[in-house]
Amino acid sequence: MPRKTEHKQGLSREEFVKASHNGTKTNSSADKITHQALRGMQYLDTENGVEQLLTRLDHKIDSQSVKNRNIYSIWRSPALKVAAAAVLLLLPAYYLLQPNFHPSNYSTAYFEHLPSAIPNTGTKKGGENIQTEKVLALEAYNNKDYQTAIPSLKRYLDQNPKDQEVRFYYGIALLGQEKHKAAKDAFSQVVTRPPSADYLENAKWYLALTLLDLKEMDQARHLLMTIQQEKGAYTNKAEKLLKAIK
Amino acid sequence: MLVRQKNSPYLEDEELARLYQERQDTRILGLLFKRYLHEVLGNCMYFLKNQHDSEDASMEIFEQLTSSLKKNSAPDNFRNWLFIVTKNHCLKRLRKQIKERSEDFSEINTNLFVENDDLDALIIEQRIERLSHAIEDLKEEQKKCIILFYLQNKSYKEIEEVTPYSLNDVKSFIQNGRRNLKVKLS
């Protein structure tokens, strides 16, 4: 995952991708490892660029990590890659344009990963091991590696049940893995006792998506109307979604 | 909206490596490997000069790490250690490719593929590394044709088809490139 180490030389993934777009000769300060890696980018023959290639490899590594090697092999096919990209781009727009929009899974169209906003100064409760668990869990979460993040976040929350910030990200990871009942429970707890107004707004939106997936339409509609009236970051999305589920 | 803080919570590389050894959980190694995946991939591409081989090599290196970190103690500087692992892996791969075309390569350097008691694997790989660097210094058109001919096993005709060069150009670029490599490696 993109990471900037302070004590070692080298570029983070974001910096590397940016540098590779700017050309390989622009990084005179880079060390040998980075310099050679950037020069290697001249052999890139994918149209989608290094970012997509790295994401594909990320998936392969995740897949290999959980001993499920076959899932991502189809991504080798360029035709499938193009088709999948087109579907991903057009899916939300397509649903929104349909007069009778009733997808079986609303979070497919609306779910977005939200990077963790938790700084490196969390609670010290539970000792060093459980803090390590939190750090590990949030790094996996930020990698969108929900399979790794979920058990770690759960272990951490078992020891720190009052940490509603972490519970919020736990909810997103669960929703990302389509574990709707557990996600509903997590978001409901955050909505009841939010760590801040920002979290409340976000938790309500994700809870609404979860309720829709669970076909709890009345509750979902009520929550979406509340979000719409509050005129916050999700107002427009809530409005569109309300029209779509009429 | 929530905004990601600057000081995101991350574990040091060495701590992650130690955790992997402790828990034997490949997902932890995956987190660590992905921190440097861009550099691993880029270096594979630098040595192998081909994207698809480099993708495969990157995954092979990940697999190699799962076992070598289990057996050995965690390195002091993970990034530097990973670079050495990457380089060695690529040179081994190149050595195999070169061996398959030993006849053609003998025109550049007769010692590139010879294996006997006097010339151990390490020396051969050092020579291959020099060859890889030397190819980088060739003129663009020579480099392209040399890579396609020697490393990707393409015929003159096939190179003509995948490049804008004529058959005569291809032959000439390979001949000149070969001569330049010979000078650089002598």
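Which residues in α3(A) meet which residues in α4(B)? The model is predicted, and in it Leu57(A), Lys60(A), Ile61(A) and Gln64(A) of α3(A) meet Glu55(B), Ser58(B), Met59(B) and Phe62(B) of α4(B). By class, the residues of this contact are 4 nonpolar, 2 polar and 2 charged.

Two packed helices are described by the angle between their axes and the distance between the axes. For α3(A) and α4(B), which spans residues 51–71, the angle is about 35° and the axes are 11 Å apart. The crossing of α3(A) and α4(B) is right-handed.

**The contact between the chains**

The contact as a whole takes 47 residues from chain A and 36 residues from chain B. On the chain A side, α1, α2, α3 (49–65), α6 (127–142) and α10 (197–213) each supply at least two residues. The side of chain A that touches chain B has 22 nonpolar, 14 polar and 11 charged residues.

Helix α2 of chain A runs over residues 32–40, and its buried residues are Ile33(A), Thr34(A), Gln36(A), Ala37(A), Leu38(A) and Gly40(A). Their cover includes α1 (13–22) of chain A, along with α3 (37–48) and α5 (78–100) of chain B.

**Chain B**

Chain B has 10 helices and 0 strands. Of its 186 residues, 39% are buried. Among contacts in chain B with a separation of 6 or more, 62% are between residues 24 or more positions apart.

**The nonpolar core**

In soluble globular proteins, nonpolar side chains tend to be buried together. The largest nonpolar core here has 98 residues, and Leu153(A), Ala173(A) and Ala208(A) have the most contacts inside it. Helix α10(A) gives the most to this core, with 9 residues.

Not counting residues up to four places away in sequence, Leu153(A) touches Ala137(A), Val166(A), Tyr169(A), Tyr170(A) and Ala173(A). One of these partners, Ala137(A), is found in helix α6 of chain A. Ala137(A) counts as buried because it has 26 C-beta neighbours inside 10 Å. Leaving aside neighbours within four places in sequence, Ala137(A) is in contact with Ala149(A), Ser152(A), Leu153(A) and Tyr156(A). The C-alpha atoms of Ala137(A) and Thr148(A) are separated by 7.2 Å, and these two residues are 11 residues apart along the chain.

**The two sides of a helix**

Where do the buried residues of α12(A) lie around the axis? Helix α12 of chain A covers residues 235–244, and its buried residues are Ala238(A), Leu241(A) and Ala244(A). They are on the same side of α12(A) because they cover an arc of only 125° around the axis. On the other side of α12(A), Asn236(A) and Lys243(A) are exposed. An α-helix has 3.6 residues a turn, so residues three or four places apart point the same way.

**Two loop residues with positive phi**

Lys144(A) and Asn153(B) are set out below.

| Residue | Phi | Loop | C-beta atoms within 10 Å |
|---|---|---|---|
| Lys144(A) | positive, about 60° | between α6 and α7 (146–159) of chain A | 18 neighbours, partly exposed |
| Asn153(B) | positive, near 60° | between α8 (140–151) and α9 (156–162) of chain B | 12 others, exposed |

Lys144(A) is not a glycine, and Asn153(B) is also a residue other than glycine. Lys144(A) counts as partly exposed because it has 18 C-beta neighbours inside 10 Å, while Asn153(B), with 12 other C-beta atoms within 10 Å, is exposed.

Notes:
Residues numbered from 1 in each chain as written. Chains lettered and ligands numbered in written order. Predicted model: local features only at pLDDT ≥ 70, side-chain atom pairs only at ≥ 80, totals over all residues. Buried ≥ 20, exposed ≤ 12 C-beta atoms within 10 Å, placed from the backbone. Helix = DSSP H or I, 4+ residues; strand = E, 2+ residues; numbered from the N terminus. Arc of directions from axis to C-beta. Contact = placed C-beta atoms within 7 Å. Nonpolar A, V, L, I, M, F, W, Y, C, P; charged D, E, K, R; others polar. Core = buried A, V, L, I, M, F, W, Y, C linked by C-beta atoms within 7 Å. Axes fitted to C-alpha atoms, helices over the stretch in contact; angles between N-to-C directions. Left-handed = near helix turned anticlockwise from the far one by under 90°.
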